[in-house]
Amino acid sequence: MDITLQPNGAFHSALVHLEPGDQFKSDSGAMFRASSNVDNDVTTISRGGGLLAGLKRMAGGDTFFLSTYQTTGGEGGEVGVAPTLQGHVAQVDVESSQSWLCAGGSFLGCDGHMDLTPRFQGMKGMFSGENLFFMEVSGAGPLLVGAYGSIREVPVDGELVVDTGHVVAFESSLSYTLSKTGGSWLTSYLAGEGFVLRFKGQGRLLVQSHNPREFGAMLGRRLPPRRG
Amino acid sequence: MQHAIEHQPSYSLLNLSMDRGDRILTDSGAMAWMAGPLEVKTSTRGGVFQGLKRKLLAGESFFQNEYTAAGDGCELALAPGSAGDLVEYPMTGQELLLERGAYLASTGSVVCDSKWDGLKGLFNQGLFILRCTGEGSLFFHAYGDIQCVDVDGEYVIDNGYAVAWEPSLQYSLTRARKIRSFLFGDQLLLRFSGRGRVWVQSRSPQSLANFVHPFRRVQRKNNS
């Protein structure tokens, strides 16, 4: 498998070249182009639920459907993937000794032979549609992440606080706790800060320059209400 | 007439320097700024019926504007409705098919007509596409990056991401075989076959709208 990043301006994408036997897993909505000999198998990832549980979460704005792509007919092929929002794509070369956690909305795809384990966090949907879901990616291989805006690597050594909406992916050697920004629930709410992740330890962390949830909220409140 | 596509690929803009007699046909609303003695003629281009057809069926503007330079040294800047890439396609009498909304401008004798897409249906949430013919330059745009794919055999593009393609390509709308796969947006696929080029955009306005939708306030059923 060979991945070509297409860092064109503000709208990055990635083209994944597959050889026979290669597999590539991605968020089901991420594929936008593919060779015709690429086969797509869709599965759901859920917390013990089946298809319906997946659908319910999809209504919440997140898709946790995984597509597994592989070529057929003994020939190579390609799959192009891109994030929904305007932004960058980055490749992380995951080593077998160190798994990564990837924010649900940032996960674009990874080598199909890598293991994916969903990690749902508590306090889901508390204030503003906060939906904390991480995909743990383990095994050696390439991981693709997409961002809203640009991606920046911040090395953590000690302690670092990041708004949940800006987290893209991080090494699982980092321990983290979900908390509010500070003060009481009320001040946290009024300050407009949702939840933050407090990282501790040493490891690599990727953050994005913009927060998709803030962008969604900014547009959402200007639109007429939808039916409940 | 000289032209340059500026600020590619994310914020592309078409900048034209026009001398007396130069003409360009644009999508209505595309003009961003202009200088010099330019005459604007708004027309339905091909008559009311053609205009109506474009508007109702292909989702294009009812009107197209024709800018004619009445003197030398005119400047005209044309901007697409969204951030993204812009492509110049030279037309020498051949045909090009455009996704609805992709047309920005054309020079020479290039004209656009809406085309009933028949039973292939559902294409880009609409049944009609634009067929461009003539000689000159055709400019089309899309939200996101535009990538050109040389198809020789078959190629698959997610519904909503195809911007333009050459008529030598056949295409059909296909669904994945599995029932449960039908639930997902990317399971409505356009399958192009033959030999020719197809231009793909890397972002979808529909996906963006789907992203924003859950953030809308919810109207309670018994709103008091």
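In the predicted model described here, the side chain of Ser99(A) makes a polar contact of 2.8 Å with the side chain of Ser172(A), a polar contact being a pair of N or O atoms within 3.5 Å, of which, within protein, one must be able to donate a hydrogen and the other to accept it, with residues adjacent in sequence counted only if both atoms are side-chain atoms. Because the model is predicted, local features need pLDDT of at least 70 and side-chain atom pairs count only at pLDDT 80 or more, whereas totals for chains, interfaces and linings use all residues. Residues are numbered from 1 along each chain as its sequence is written, chains are lettered from A and ligands numbered from 1 in the order in which they are written, and side-chain values use heavy atoms, with hydrogens and water left out.

A further polar contact, of 2.9 Å, links the side chain of Ser99(A) to that of Glu136(A). Ser99(A) belongs to the loop between strand S8 (89-94) and strand S9 (100-103) of chain A, where helices (H or I, at least four residues) and strands (E, at least two) are DSSP runs numbered from the N terminus. With a relative accessibility of 11%, Ser99(A) counts as buried, the term buried standing for under 20% relative accessible area, exposed for over 50% and partly exposed for values in between (1.4 Å probe, protein chains only). When neighbours within four places in sequence are left aside, the residues in contact with Ser99(A) include Val94(A), Val137(A), Ser138(A), Phe170(A) and Glu171(A), contact meaning heavy atoms within 4.5 Å.

The domain assignment divides chain A into domain 1 (1-7 + 14-82) and domain 2 (89-228), with bounds that come from an automatic or database domain assignment. Between these parts of chain A, 22 residues of domain 1 are in contact with 21 residues of domain 2. The area buried between domain 1 and domain 2 of chain A is about 1800 Å², of which carbon and sulfur atoms give 68%; buried area is the accessible area (1.4 Å probe) that two parts lose on being put together, summed over both. Across this interface of domain 1 and domain 2 of chain A the rule finds 0 salt bridges, a salt bridge being a side-chain nitrogen of Lys or Arg within 4 Å of a carboxyl oxygen of Asp or Glu, while the count of residue pairs in polar contact, both at pLDDT 80 or more, is 4. On the side of domain 1 of chain A that touches domain 2, two or more residues each are given by strand S1 (2-6), strand S2 (13-18) and strand S3 (24-27), and S3(A) gives the most, with 4 residues. The residues of this side of domain 1 divide into 12 nonpolar, 4 polar and 6 charged, where Ala, Val, Leu, Ile, Met, Phe, Trp, Tyr, Cys and Pro count as nonpolar, Asp, Glu, Lys and Arg as charged, and the others, Gly among them, as polar.

Ala30(A), in the loop between S3 and strand S4 (31-35) of chain A, is buried with a relative accessible area of 6%. Although Ala30(A) and Leu108(A) are 78 residues apart in sequence, their C-alpha atoms are 6.4 Å apart in space.

Chain B contains 2 helices and 16 strands, and buried residues make up 49% of its 224 residues. Chain B and chain A bury about 3900 Å² between them, 55% of it on carbon and sulfur atoms, and 42 residues of chain B are in contact with 49 residues of chain A. The rule finds 0 salt bridges across the interface of chain B and chain A, but 22 residue pairs, both at pLDDT 80 or more, are in polar contact. Strand S12 (146-158), strand S15 (188-201), helix H2 (205-212) and strand S16 (218-219) each give two or more residues to the side of chain B that touches chain A, the largest share, 7 residues, coming from S12(B).

At the level of single residues, Ser13(A), found in strand S2 of chain A, is buried at 0% relative accessibility, and a polar contact of 2.9 Å joins its side chain to that of Gln147(B). Tyr143(B), in strand S11 (residues 128-143) of chain B, is likewise buried, with a relative accessible area of 11%, and the residues that Tyr143(B) touches include Phe11(A), Ser202(B) and Leu208(B).
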